Structure formats: structure tokens, C-alpha cells
Amino acid sequence: MSKGQSYEQLVGSYLDNEMSEKQRMDFENQLQSNPDLSKELGFQQEVINGVKNFRRLELKARLENIPIYTPVYQTIAFKAVAVVAITAGIGFGTYYLLNRGNESTLPKVELAYTDSTLAETEEVVPAIPQIQTTDTHSDTATSPDSEISKTESGTAQKSKKRDKSSTTASASTAKPNVVTPRVETFTDDEFESEEISALKTQSTETIAEPLSEAVEVATIKDKKNKFHYKFYENKLYLLGTFDDMPYEIIEINSKSGKKFFLYYKENFYRLLNDQVKPTPLERIENDSLVNELKIIQMNKSH
Amino acid sequence: MNDSEVLNKISIGDESALDYLYKKYYRMMTNMVIKNNGSEQEAKDVYQDALVVFWQKAISGNLVLTSKISTYLYSICQNLWRKELERKSRLVSDEKDTPHYSGHEQEEKAKIIHDIINQMGDTCRKILSYHYFDGLSMTDIAEKLGYANTDTAKTKKYKCKQKLYQLVKSKYSERDFLD
């Protein structure tokens with residue numbers, strides 16, 4: 001064994017705490033008078049520090065790659081959340097069911113009287129908290145429920161639904177006044193173009209909103225739902241395997257609420273924050289909307 | 001995940017616990033730096049360093065927390081940021097007094113070591129990192145890397161270390177860093 005090797009081993013045992021107390025003291029005494037040993041110690045310490053630093057940087061690099069959601073604070077004059085829900089393709093009936101406990105927050109919807117069939121109205125009317133009528137039949141227009149309770153008598157309990165007003169009214173009068181909502185509907189494309197115009201106004205103002213209000217994001221490995229999302233207790237869950245590639249959540253604050261988009265593997269996906277059940281992620285295909293989102297994304301990163 | 005679950009995960013070297021903490025307290029910690037004259041990048045850097053310090057302390061399994069992890073992390077961040085501010089102010093005064101200072105050789109040596117470790121095999125990198133930085137015992141390392149026993153891990157560590165020293169020395173002598 002050469003002298004160099006023995007120094008290397010000696011210093012190695014010293015640095016790795018593999019020496020007895022006596023060996024340690026001998027070694028430290030030797031250091032004072034042996035520059036080669038001292039140099040070897042300096043060298044090994046330098047390399048070990050290099051190892052430590054390597055690991056430190058490795059852990060930091062790991063953290064650096066974790067996506068941190070950064071919200072985009074913008075004011076956008078979006079349509080009411082209700083309209084968003086409708087245009088996103090959720091049937092009005094579903095919408096009613098989801099919101100029946102929260103009627104007071106529903107938007108005002110203009111209604112017009114028509115002669116359409118009873119069936120058409122049954123589903124829809126009860127969801128409307130405020131009704132503007134154009135008919136002169138003031139009794140039913142102002143207080144349909146109470147009016148019906150007086151007039152219905154025999155025809156009464158056809159249905160225990162809250163739409164019994166229109167049901168019984170039509171049954172008890174010769175020319176029934178049937179209330180049909182005139183609800184604006186949009187195609188997906190129309191909605192998106194509206195979003196785009198709203199996005200274009202983004203540079204006007206910003207909301208100084210505390211960062212802590214940002215929605216939390218979690219990814220869950222889910223075998224059943226491979227590319228889904230849900231909102232639960234103000235937290236966004238991405239279901240599937242999102243660990244392989246970085247993803248980004250874009251949040252846009254508007255007067256009517258927050259809108260969320262997911263950017264993943266070079267595609268954008270819309271996230272509707274009323275989806276509490278796992279919902280499949282659907283790619284946004286409208287090129288103009290995608291371009292606008294890209295612009296927001298670029299602005300955010302600078 | 002509560003604090004003790006996080007600590008348990010770290011004690012077995014599960015780095016996902018670090019990811020979890022990073023996301024959970026990102027805003028809280030970086031805001032502290034930003035509110036104290038730090039840039040967003042500096043805030044992030046300090047927070048990442050703080051987590052690495054926390055990791056190193058917690059992985060030993062000897063860390064006894066008397067407060068919540070968040071409080072502890074916050075104080076590490078504060079200390080690191082204070083040190084960084086001191087360093088920056090020293091740097092400004094140093095620049096005035098001694099316009100030129102070169103730590104060039106040290107930097108070059110550090111880079112040589114870094115590059116060599118980077119080129120070593122995964123096993124060597126892990127064994128040496130876990131041993132010298134994470135402070136894991138050879139028994140823990142054997143378990144973590146799936147070796148049959150502690151002696152296997154010890155032998156591997158010895159060989160890796162020898163190889164590393166050898167490679168660094170030959171690079172040093174190329175650059176005349178060795179006498």
C-alpha cells in the first residue's frame with residue numbers, strides 16, 4: 001500500500017467517524033506536523049463539500065420543477081356565472097337542480113307570455129325568481145302562487161313541484177297564460193368569442209387581490225379517472241397522472257367570478273368551478289381563445 | 001398530511017413530503033421575503049434553501065419540533081434572508097474597498113467536482129449524497145437502495161468515494177491545482 005493510499009484511507013476513516021478516540025487524537029496530532037496528511041484532509045473535505053452541494057442543488061432543482069400556481073389578476077366584464085353555465089353546455093334543467101337552494105342569487109331573466117304548451121314550462125319556470133311579465137293579467141303576473149291557491153280548488157294537487165302555478169293556472173282557465181322563459185342560449189363558439197373579447201380587455205385594470213385567495217391545486221393519481229378534474233371546497237383537483245409534465249393553472253378574475261384554465265402538454269382546457277364531481281378535461285379548440293390564453297400566459301411569465 | 005406524517009415521510013427519505021411542504025407554504029414564506037425588500041426570485045431561492053435545510057435536519061430523525069413545521073420553516077427563512085441581506089450589504093462595501101477579488105480557483109474546483117459527480121453512476125451519486133448530505137446511516141442506505149445488507153452498502157460507498165477522489169485528483173492535476 002502506497003503512502004498516498006494510506007493517507008487517503010486514514011483521512012477517510014477520520015472524516016467518516018470510523019476512528020476510536022485514541023486513533024482520532026493520534027491523527028489530529030499527526031496533522032500538525034504532516035503537511036501531506038493535512039493536504040489530503042483539505043482535499044477530501046473539499047470533495048465532500050462538493051457532494052453536499054451537489055445534493056443541495058439536486059433537491060433545489062426538484063423544488064424548482066414543482067409548478068406553483070400563479071394567478072392572473074384581471075378585471076373582465078364577463079356575463080353572469082349563470083350564463084356561463086348555460087353556454088358551457090349544461091342543460092337548463094340541470095342548472096335549475098344545482099341552484100334551487102340558491103334562488104336569490106339567480107340573475108333576472110326576462111320572460112314573455114306565449115301560448116306554448118304546459119310541458120315546456122314545467123321544467124323551467126320555477127327556477128326564475130324574478131319575473132317580468134308583459135301580460136295584462138296582473139293577478140297571475142304579480143303573484144302567481146297565491147292566485148293559484150285560490151282558483152285551483154278541484155284541479156289542485158297535480159304536482160307538488162314548485163311550478164304548480166303554471167300548471168294549475170292553465171287547468172283552471174279557458175285561455176291559459178303560460179309563462180315561457182325566453183332564455184338566451186349560446187353555442188360554444190359564441191361563448192368563446194365572448195370570452196375572447198373579455199380577455200382582450202384584460203389590460204385595463206388589475207385587482208389587488210391577496211395572493212392567499214388563490215385556489216389550491218392538488219393532483220391525484222386516479223386509475224379510474226385518468227384525465228379529469230373537480231372542484232371541492234375551493235380546491236382544484238386534477239385526477240390522473242400529471243406528474244410527468246409540468247402543468248399550469250390560469251385564473252382570471254372577473255366581476256362575475258373566477259374562471260380557470262389548465263395548460264398542459266401545449267393544450268388549454270377549461271375548468272368550470274362548479275364541477276364537484278370528476279369531469280373529463282376537454283381541450284379548447286377555438287383558435288382565437290387559445291391565442292388569447294397564450295398571450296395571457298406570456299404576459300404572466302414576464 | 002399533518003406535521004407528524006410529513007416528518008415520518010422525510011425520515012424515510014421520501015422526497016414527496018418536501019414537494020408537499022413546498023406547495024403548501026409557498027406563499028406564506030415567499031411573501032415574508034418579498035415584504036422585506038426581496039425580489040420574487042430571491043424569495044423563491046430563500047424558501048427553497050430553507051426547505052433543504054429543513055430536510056437535512058428532519059431526515060436525521062433527531063429533529064424535535066416544539067412548534068408547527070410552518071413556524072419552524074418561517075424562522076429558517078427569516079434567518080436565511082437576514083444573512084442574505086447582510087451578505088448583500090457587505091458585497092456593496094467590499095466593492096468600494098477592494099474593487100477586484102477573485103475566488104476563481106475555488107469556483108473552478110467546485111465546478112470540476114460537480115461535473116464529476118454528475119457523470120458518476122446513479123448508485124454512487126445516491127450513496128454519497130445520502131451519506132454525506134442527508135446523513136443517513138449505512139443501514140438506512142442499504143434499505144433505501146435495496147441492498148442485501150449494510151456491508152454491501154459500505155463496500156459500495158468505499159468504492160464510489162475512491163473513484164470520486166481519483167477522478168477529481170486527475171482533473172486537478174490537469175489544471176495544476178495539485179502540487
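Modeller: In this predicted model, two residues are in contact if their C-beta atoms, placed from the backbone, lie within 7 Å. By that criterion, Ile112(B), Ile113(B), Ile116(B) and Ile117(B) in α5(B) meet Leu164(B), Leu167(B), Val168(B), Lys171(B) and Tyr172(B) in α8(B).

Biologist: Into which classes do the residues of the contact of α5(B) with α8(B) divide?

Modeller: There are 8 nonpolar residues, no polar ones and 1 charged residue. Lys counts as charged, and Lys171(B) is among the residues that α8(B) brings to this contact.

Biologist: At what angle do the axes of α5(B) and α8(B) cross?

Modeller: The axes of α5(B) and of helix α8, residues 150-174 of chain B, cross at roughly 135 degrees and come within 10 Å.

Biologist: What makes α5(B) oblique to α8(B)?

Modeller: An angle over 145 degrees would count as roughly antiparallel, and 65 to 115 degrees as roughly perpendicular, with the rest beyond 35 degrees called oblique. The angle of roughly 135 degrees falls between those two ranges, and α5(B) is therefore oblique to α8(B). The crossing is right-handed.

Biologist: Which helix of chain A crosses α5(B), and how is that crossing described?

Modeller: Helix α3 of chain A, residues 35-64, and helix α5 of chain B, residues 104-119, have axes that come within 9 Å and cross at roughly 65 degrees. This crossing is right-handed. On the α3(A) side the residues are Glu46(A), Val47(A), Gly50(A), Val51(A), Asn53(A) and Phe54(A), and they meet Lys109(B), Ala110(B), Ile113(B), His114(B) and Ile117(B) in α5(B). By class this contact holds 6 nonpolar, 3 polar and 2 charged residues.

Biologist: How many residues take part where the two chains touch?

Modeller: In chain B 25 residues are in contact with 22 residues of chain A. The elements of chain B that give two or more residues to this side are α2, α3, α5, α6 (122-132) and α8. The largest share, 7 residues, comes from α2(B). The side of chain B that touches chain A has 15 nonpolar, 4 polar and 6 charged residues.

Biologist: Which residues have the most contacts inside the largest nonpolar core?

Modeller: They are Leu18(B), Val46(B), Tyr47(B), Ala50(B), Leu51(B), Trp55(B) and Cys77(B), in a core of 24 residues. At least two residues of this core come from each of α3 of chain A and α1 (3-11), α2 (16-35), α3 (40-59) and α4 (69-97) of chain B. The largest share, 10 residues, belongs to α3(B). Leaving aside residues up to four places away in sequence, Val46(B) touches Val33(B), Cys77(B), Leu80(B), Trp81(B) and Glu84(B). A second, separate core of 21 residues includes Val47(A), Ile117(B), Tyr132(B) and Ile141(B).

Biologist: Why does Val64(B) count as exposed?

Modeller: A residue is exposed if 12 or fewer other C-beta atoms lie within 10 Å of its own. Val64(B) has 5 such neighbours and therefore counts as exposed. Its place is the loop between α3 and α4 of chain B. The C-alpha atoms of Val64(B) and Leu7(B), which are 57 residues apart along the chain, are separated by 9.9 Å.

Biologist: Why is Lys24(B) called partly exposed?

Modeller: Buried residues have 20 or more such neighbours and exposed ones 12 or fewer. Lys24(B) has 16 other C-beta atoms within 10 Å, and is therefore partly exposed. Lys24(B) is found in helix α2 of chain B. From Lys24(B) to Ser70(B), 46 residues apart in sequence, the distance is 9.3 Å, C-alpha to C-alpha.

Biologist: What makes the phi of Asn17(A) worth noting?

Modeller: Most residues other than glycine have a negative phi. Asn17(A), which is not a glycine, has a positive phi of about 55 degrees. Asn17(A) is in the loop between α1 (3-15) and α2 (21-33) of chain A.

Biologist: How do you know whether Asn17(A) is buried or exposed?

Modeller: Asn17(A) has 7 C-beta neighbours inside 10 Å and counts as exposed, the limit for that class being 12.

Biologist: Where is Lys265(A) placed?

Modeller: Lys265(A) lies in the loop between β8 (257-264) and β9 (267-271) of chain A. Its phi is near 45 degrees, a positive value in a residue other than glycine. Lys265(A) has 10 C-beta neighbours inside 10 Å and therefore counts as exposed.

Terms used: Residues are numbered from 1 along each chain as its sequence is written. Chains are lettered from A and ligands numbered from 1 in the order in which they are written. This is a predicted model: local features need pLDDT of at least 70, side-chain atom pairs count only at pLDDT 80 or more; totals for chains, interfaces and linings use all residues. Axes are lines fitted to C-alpha atoms, for helices over the stretch in contact, and angles run from 0 to 180 degrees between N-to-C directions. Helices (H or I, at least four residues) and strands (E, at least two) are DSSP runs, numbered from the N terminus. A crossing is left-handed if the near helix is turned anticlockwise from the far one by less than a right angle, and right-handed if clockwise. A nonpolar core is a set of buried Ala, Val, Leu, Ile, Met, Phe, Trp, Tyr and Cys residues joined through C-beta atoms within 7 Å.
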